[in-house]
Amino acid sequence: MSPAPVRVVNPATETVLAEIPAQGAEEVDEAVARAGAAFPAWAALAPGDRARLLRRFAEAVEAHTEELALLETRNVGKPITDSRGEMAMVAEVLHFYAGAVDKHRGATVPVAGGVDMTWHEPLGVVGAIVPWNFPAAIASWKLGPALACGNTVVVKPSELTPLSALRLAELGLEAGLPPGVVQVVVRPGTGAGRALVEHPGVAKVSFTGSTEAGRDVMRRAAATLTPVTLELGGKSATVVFADADLEGAARAAPAAVFGNAGQDCCARSRILVERPVFERFVTLLVEATAALVVGDPEAEATQMGPLVSAHQRARVAGFLDPEGADPVAGRGTVPGGPGWWFPPTVLAPVAGDRRVWREEIFGPVVAVAPFDDEAHAVALANDTPYGLSGSVWTRDGARALRMARAVAAGVLSVNSNTSVRVATPFGGTRQSGFGRELGLEALAGYSQVKNVFVSTEA
Ligand code: NAD
């Protein structure tokens, strides 16, 4: 029996955007079989031809940026200016990996008695499991390198936000990708994701989502020894020293935690501020938070939209004390009426034993705490099981580098809160997962090295 259709809702209006037929276990099997059938020809394509098709795919995305951006904004509730940026990134990712197809070289290795060389070979069918916070962007981070290496891909978006992945797959086909090379399966709950992870026809699982689900993915993938890349949760810190450009750090802080309504694995949801400037920083942060434009995601001026679902809003609200005992230093405003709104909220000072300090909130709530010196800052920054990203604000270059070494994170920024660039590797350590997306480093996750020795003995 097929599952009930997936009802896709606009989080800003709570209206139904689309009803999509849900795919059952059989349809996931069929998608994997089609991807498996498409694999040999795709892998055997001349590199130049594969690169050309990826470039055409990128151009198709560019030609449909506005349409895709509006689709993403309506489905996720993110500001339209953010969605445009994300669609530009999708195209850039595809262009970048189109350029990588014929530069993913092996090596020749000096050995006795012959010639030894290494080849990068594709793996086969990749299962790409994607969360709801950056549906198109994260799908592209997996599609780009996987396709460039010669794999075929079955994308499993979150059932909350499947629309942009479905449209991307259509655009890929229109751009000339052979049928079966990119497919999308949509089904409510964890069924389709689990089916992909456990499927013997899937050669690699690239998963982005929560740490809890990541553990389940790894456990299930163990049965078939399927390799996994896990991009999981985070609880990243911004560390602001007294010598920093305080105004600049405070101006940049809201976007780093309230961007995408805090539903960002890299959200700097903790800010550590050196004690002498703590009060001043909190004042500046509260002012900047109050000035944040929260409202209709389709309006050009909007900086923050609603949360993705009623469930997510309840989850975020659950981090705050219902009796109002939290140290709320300031809050932004939200529109009335329908939509899953949650005001951007600054908590300061927050003690280290609070849930808001230790756990990933995935909503627009930031916890601010003072520190005394560099060693204290490192201890606080690392006082989390996660290790995804983080920022250090200081004018002392040597200290910036010491901090960058000492903070446990896969991605760290100095005097900036940005973590993601197409050409640079992105990913976490500790409970934030392993493996790298983006950059040339991502290619390693979608290929295997074959070592070939040729004897030159007469
Ligand atoms: P989630 O883990 O609930 O779901 C992510 C995706 O995995 C969805 O498509 C879901 O259907 C599927 N899924 C869930 N359980 C599964 C299972 N057991 N087996 C196979 N598939 C399964 O996460 P979410 O709520 O969609 O997204 C929020 C989480 O994602 C946050 O924890 C966030 O930090 C994390 N995230 C991490 C990154 C990163 O790059 N590190 C990026 C974005 C989001």
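1. Seven strands come together in an open sheet of mixed pairing, and their order is 12-13-14-11-10-15-16. At its edges lie strand 12 (328–331) and strand 16 (411–414), each of which pairs on one side only. On average, and with direction ignored, neighbouring strands of this sheet are turned by 20 degrees against each other. Please keep in mind while reading on that this is a predicted model.

2. Have a look at strand 10 (residues 237–240) and strand 11 (residues 270–274) next: they run parallel and are joined by four bridges. A237 stands opposite R270 of strand 11, and V239 stands opposite L272 of that strand. Is strand 10 covered on one face or on both? Both faces are covered, with A237 and V239 buried on one side and T238 and V240 buried on the other.

3. Two helices are worth checking against this strand pair. Helix 10 (residues 278–290) packs on the sheet and touches strand 10, strand 11, strand 12, strand 13 and strand 14. The direction of helix 10 makes about 165 degrees with that of strand 14. Helix 9 (residues 246–258) packs on the sheet as well, with contacts to strand 10, strand 11, strand 13 (345–347), strand 14 (365–371) and strand 15 (389–393). For helix 9, the angle to the direction of strand 14 is about 145 degrees.

4. There is also an open sheet of six strands, ordered 7-6-5-8-9-17, again with mixed pairing. Strand 7 (182–184) and strand 17 (433–434) are the edge strands, pairing on one side only. Within this sheet, strand 8 (residues 204–208) and strand 9 (residues 228–231) are paired in the parallel sense over four bridges, and T208 has E231 in strand 9 as its bridge partner. Helix 8 (residues 211–222) packs on the sheet, touching strand 8, strand 9 and strand 17. Its direction and that of strand 9 make an angle of about 175 degrees.

5. Now to the charges. The whole structure holds 23 salt bridges. One of them is between E198 and R220, whose closest N and O atoms are 2.7 Å apart. This pair links distant parts of the chain, since E198 is in helix 7 (residues 191–198) and R220 is in helix 8, 22 residues apart. R220 also forms a salt bridge with D216, at 2.9 Å between the closest N and O atoms. D216 and R220 are separated by about one helical turn, because they are four residues apart in helix 8.

6. How do the partners of R220 compare in exposure? D216 has 15% relative accessibility, so it counts as buried, while E198 is partly exposed at 39%. R220 itself is partly exposed, with a relative accessible area of 24%. Together with R194 and R219, these three residues are linked in a network of salt bridges.

7. Another pair to inspect is E374 and R402, whose side chains meet in a salt bridge (2.9 Å, N to O). Here too distant parts of the chain are linked: E374 belongs to helix 13 (residues 374–381) and R402 to helix 14 (residues 397–406), 28 residues apart. Both are partly exposed, E374 at 22% and R402 at 43%.

8. Finally, two spots away from the charges. G36, in helix 1 (residues 25–44), is partly exposed at 33% and touches V125 and T152, leaving aside residues up to four places away in sequence. F453 sits in strand 18 (residues 447–455) and joins V109 and V111 in a nonpolar surface patch of about 230 Å².

Note on methods: Residues numbered from 1 in each chain as written. Predicted model: local features only at pLDDT ≥ 70, side-chain atom pairs only at ≥ 80, totals over all residues. Heavy atoms only, no water. Helix = DSSP H or I, 4+ residues; strand = E, 2+ residues; numbered from the N terminus. Buried < 20%, exposed > 50% of the residue type's maximum accessible area, 1.4 Å probe, protein only. Contact = heavy atoms within 4.5 Å. Patch = residues over 30% accessible without salt bridge, like charges linked within 9 Å, V, L, I, M, F, W, Y side chains within 5 Å. Areas by Shrake-Rupley, 256 points an atom, 1.4 Å probe, with all protein chains shown as cover. Salt bridge = Lys/Arg side-chain N within 4 Å of Asp/Glu carboxyl O. Pairing = 2+ DSSP bridges. Axes fitted to C-alpha atoms, helices over the stretch in contact; angles between N-to-C directions.
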